[in-house]
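User: Please go through the disulfides of this model with me, giving the reasoning behind each label.
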Amino acid sequence: DSENPTVNPCHDGTHTCEVTARCQPGSGMEYTCECAAGYRREGRGCQDVDECTEGLSQCGAFTICLNMPGSYRCECRSGYRPAEDGQACVPSDPCEDGRHPCGPRDRARCLPRAGGQAACECLPGYTGDGIHCSDVDECAQNPCHPAATCYNTPGSFSCHCPPGYEGDGFQCCVCVGGMFASAEAIQQLTPCEHERLYPRAVPPGPSPVGDGHVPQCDQEGRYRPLQCHSSTGYCWCVDAAGQEIAGTRTAPGSTPPRCGNPEPTERAPTMCERWRQSLLDHYGGSPRSDQYVPRCDGEGHFTPLQCHGDSGYCWCVDESGREIQGTRSEPGSTPPCLPSVAPPSVRPSPRPDVSPPAVGTFLLYAQGQQIGYLPLNGTRLQKEAAKTLLSLHGSIVVGIDYDCRERTIYWTDVAGRTISRASLEPGAEPETVINSGLISPEGLAVDHLRRAIFWTDSGLDRIERARLDGSQRQVLFHTELVNPRAIAVDPVRGNLYWTDWNREAPKIETSTVNGANRRVLVDRDIGLPNGLTFDPFSKLLCWADAGTKHLECTFPDGTGRRIIQNNLNYPFSIISYANHFYHTDWRRDGVIAVDKETGAFTDEYLPEQRSHLYGITAVYPYCPGGKP
């Protein structure tokens, strides 16, 4: 037997343990049948334990437990992915992991939804269901100026003025006498104005005078009786047709001839003429056919009948241009308006009281002679509750901002060349705080912590500041500015930001509120940065560009620049509130809402009275970033 030593059955396989059991050798020939982990004893064998049905698994939330021989496996439900602990599952983002059917990224965007679902949306400039997106041919809608050429591009379009014109393609103008005139208006030019645009090679006369002569025209477009050549110094008299009167030519350096009647002393422009010119300037010299431009007679007075472009809506006005109630007519009929020959009424004019707004957050926007009120429900526009907050006859309100400490609105008026304010308390009346030294005050910003206002003047090319009451006025910058427009302030950090839409070199600049450390933040890939806002919550500086059609944001130091929306129409002013931007738009003549995260257009408000909207601001029931 020593030659055949005993071998434990576990070693030679003669044990009787079933396959699911493990043979455990003992002393000599003894052994036991034991169950492996995940099994339990049943007779001489072992039965698999179903950890899933018996609740023994460690699978976490949103998982599916799968039983396996001697073990189990945890798998994530559809739409979920494993969490970092390896046990639970969390909703997956199909937009990140590519599990979505959306179209190419240059045509569509994927939007994550609850439960790990995905929604597809075509990018602006494309149409479709988000899965299949085709380019929108914006040119089919004729968005450009009639004289311009429209070029459709993938997801967008561009407008280009023809040679000899100036403009951005939405407005194309030619220069007549130093002023912009629309292409349509050229057909209505007087002979003198037409000759200024297309000078003759040599004026008629007995002696040559060198290169072409550009005639001088009076205010009504007629030839001035005295004409002088700008480069040679020759002068002569002309008749009503602009033809030289023989024998009147004088040599350079000699006394010019006396021609016709002595020219009258030029009078100061009237309110009607100032308002008309200011509106024409803001329309780029070329108002659309449905835009209102005041009608003035030869003496500068408002004509009794005023009409809103060619819309057919007309009304009668008094000597001050105020609409006479009950005279507004529908298209097809014109109200009988009689010229007023009586002296101005001694009855008091209607008080320009503030119509008190409700409590809560709301938007205020400037629209010509009024400041409008547009409440918010969360971030949705409560369009049905919109109303006129303040009527300001004879004004053109452009910049607007709010002092949250004293619940007071401030605004610039380019027609009256003033800066004014009004409390939001019931019955409050406007108060002018600055009424001199302004030409075209546009952008305005209120620093509620330092009790100061800042503004841009595109006529003087200046940026100034003053106390809220107009005292301690100070010019911050008067150099290297061409067309300063929007301005914003960060009261907490004491920084100032502004835009300059100089067509040759547009830029966004910054400095301290005291004018120190001036520097350029953005000067690349911008066109007409009309609107600017500083968000005190996200600490981002954002702007709306009517040239590039972009809404963009950057950190205050100029880093982290990103595009929020790349298909705006013609934005003018912008304000940030909560998770939305709200901007006024000159193409839509309304207030447009844009989601900050997705860049989607979520809502719009188009006032019944269609005219350009200028500045916009948000009124909070508290002071952001400062004392209430």
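**Disulfides and their labels**

Analyst: In this predicted model, the torsion about the S-S bond of C122 and C133 is about -90°, so that disulfide is left-handed. The pair links distant parts of the chain, since C122 lies in strand β10 (residues 117-122) and C133 in strand β12 (residues 133-135), 11 residues apart.

User: How do you know that C122 and C133 form a disulfide?

Analyst: The S to S distance between C122 and C133 is 2.1 Å, and a disulfide requires cysteine sulfur atoms within 2.5 Å, so the pair qualifies. Both C122 and C133 are buried, and a search of the whole structure finds 17 disulfides.

User: What makes the disulfide of C228 and C235 right- or left-handed?

Analyst: The torsion about the S-S bond of C228 and C235 is about 110°, and therefore this disulfide is right-handed; its S to S distance is 2.0 Å.

User: Why is C228 called partly exposed, and is C235 buried or exposed?

Analyst: The relative accessibility of C228 is 23%, and because partly exposed covers the range between 20% and 50%, that label applies. C235, with 7% relative accessibility, counts as buried, because buried means under 20%.

User: What is the handedness of the disulfide between C307 and C314, and why do both cysteines count as buried?

Analyst: The S to S distance for C307 and C314 is 2.0 Å, and the torsion of about 105° about their S-S bond makes the disulfide right-handed. C307 has a relative accessible area of 7% and C314 a relative accessibility of 6%; because the cut-off for buried is under 20%, each is therefore buried.

Notes
Residues are numbered from 1 along each chain as its sequence is written. This is a predicted model: local features need pLDDT of at least 70, side-chain atom pairs count only at pLDDT 80 or more; totals for chains, interfaces and linings use all residues. Side-chain values use heavy atoms; hydrogens and water are left out. Helices (H or I, at least four residues) and strands (E, at least two) are DSSP runs, numbered from the N terminus. Buried means under 20% relative accessible area, exposed over 50%, partly exposed in between (1.4 Å probe, protein chains only).
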